[in-house]
Amino acid sequence: LCVHFKGFIMLLLCLDQSVPQFGTTPNIKHIVVGRFDCEEIWRHFEEAVIHRSSCNVAAEDYHQMFDAMQQPWPCDRFLFWSKTRALMHVYAAAVGHFWTLEDTLVGFMFNDLIWCGQDEESGFNFSSCPEWSAGRNHPVYSLWRQASQNFAEMACGNITVLLNGSIPNAFNRKRYKQPKEVISSLNILLLFDESCSRGSIADLIQILQSRGFRWTCIDNDQ
């Protein structure tokens, strides 16, 4: 999964591209339409993927599908995360008011599914799909990249970021961008070993302070 917003770009990539993964999830149409009964969304999704090689689907190819998936976004409830997926779900469920990418319509419909087309034949390739890291235009990666960008662009108010302090550079300065004016404050929840007062998180706080943004930081929050 790739999580973007204009305050951060947190890239959650990929596995060993030399190892093929399973093909398209069996019965993918029944799963997707069963999660949200809308043939128009499915039609745009199918048009973006089939009749294309497995690494030739750009994020832009999903634009018609996303246009059919407009929904309201609540301010002050956005939760972003990086390398904390399992804990993010537990935390969001316990707190109960956060809005994550997985809670959006596209996240709900396509979470944990695999898909790819085949340029020589119509339909999906149910035998084998490449890893996400095989290319920027992998059909699964492209959809989540666009979904993440849309989610980030709608972020507003008081937002929360859940980071993994047990890895080097929990905050990656190379992927930082200026937060939007509609973001009023940033709450950092830092798990495991890192501290708010040192390392990459201290760098992040310094950047936020220099730009006049309000922030909070909690480390090792039980």
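1. Let me start just past a helix end: H7 is followed by Gly212, and the phi of that glycine is positive, near 80 degrees. Keep in mind throughout that this is a predicted model.

2. H7 itself checks out on length. Helix H7 runs over residues 199-210, and at 1.5 Å a residue its 12 residues should span 16 Å; the C-alpha atoms at the two ends are 17 Å apart, which agrees.

3. Which residues of H7 are buried? They are Ser200, Ile201, Leu204, Ile205, Ile207 and Leu208. These buried positions cover an arc of only 160 degrees around the axis, which puts them on the same side of H7. An α-helix has 3.6 residues a turn, so residues three or four places apart point the same way. Over on the other side of H7, Gln206 and Ser210 are exposed.

4. Two residues that are not glycine deserve a look at their backbone. Most residues other than glycine have a negative phi. His51, however, has a positive phi, near 65 degrees, and sits in the loop between helix H2 (39-49) and H3. Asp112 does likewise, with a positive phi of about 65 degrees. Asp112 belongs to the loop between H5 and E5, and it counts as exposed because its relative accessibility is 61%.

5. On to the cysteines. How many disulfides does the structure hold? There are 3. If you number the bonded cysteines of the protein chain in sequence order, the pairing reads 1-4, 2-3, 5-6.

6. Cys75 and Cys156 make one of the disulfides, with sulfur atoms 1.9 Å apart. The torsion about this S-S bond is about -105 degrees, so the Cys75 and Cys156 link is left-handed. The pair bridges distant parts of the chain, 81 residues apart: Cys75 is in the loop between H3 and strand E4 (79-82), while Cys156 is in the loop between H6 and strand E6 (157-164). As for accessibility, Cys75 comes out as partly exposed at 39%, whereas Cys156 is buried, with a relative accessible area of 10%.

7. Another disulfide joins Cys116 to Cys129, at 2.0 Å from S to S. This link is left-handed too, with -85 degrees about the S-S bond. Here the two partners are 13 residues apart, Cys116 being in the loop between H5 and strand E5 (128-129) and Cys129 in strand E5. Is Cys116 buried or exposed? Cys116 is buried, because its relative accessibility is 0%. Cys129 is also buried, at 0%.

8. Cys129 has a neighbour from elsewhere in the sequence. Phe22 and Cys129 are 107 residues apart along the chain, yet 5.9 Å apart in space, C-alpha to C-alpha. Phe22 lies in strand E3 (residues 21-22). While Cys129 is buried, Phe22 counts as exposed, at 72% relative accessibility.

9. The pair Cys196 and Cys217 also forms a disulfide, with the sulfur atoms 2.0 Å apart. Its S-S torsion is about -80 degrees, so this disulfide is left-handed. Cys196 lies in the loop between strand E7 (183-191) and helix H7 (199-210) and Cys217 in strand E8 (residues 214-219), so the bond ties together parts 21 residues apart in sequence. Both Cys196 and Cys217 are buried.

10. Then there are Cys55 and Cys38. Why is Cys55 not bonded to Cys116? The closest cysteine sulfur to that of Cys55 is in Cys116, 8.5 Å away, which is too far for a bond. Cys55 counts as partly exposed, with 31% relative accessibility. Cys38, at 18%, counts as buried because the cut-off for that class is under 20%.

11. Finally, the second largest pocket. About 240 Å³ of space lies in it. The lining of this pocket is made up of 14 residues, and those nearest its centre are Phe66, Met69, Gln70, Trp73 and Asn150. Which helices each supply at least two residues of the lining? Helix H3 (63-67), helix H5 (105-110) and helix H6 (139-153) do. Sorted by class, the lining of the second largest pocket has 7 nonpolar, 6 polar and 1 charged residues.

Methods. Residues numbered from 1 in each chain as written. Predicted model: local features only at pLDDT ≥ 70, side-chain atom pairs only at ≥ 80, totals over all residues. Heavy atoms only, no water. 1 Å grid on protein atoms, 1.4 Å probe; cavity = no way out; pocket = protein on both sides within 12 Å on 5 of 7 lines; lining within 4 Å. Points joined across faces, edges and corners; volume = space filled by probe spheres on them. Helix = DSSP H or I, 4+ residues; strand = E, 2+ residues; numbered from the N terminus. Nonpolar A, V, L, I, M, F, W, Y, C, P; charged D, E, K, R; others polar. Disulfide = S-S within 2.5 Å. Buried < 20%, exposed > 50% of the residue type's maximum accessible area, 1.4 Å probe, protein only. Expected span 1.5 Å × (residues − 1). Arc of directions from axis to C-beta.
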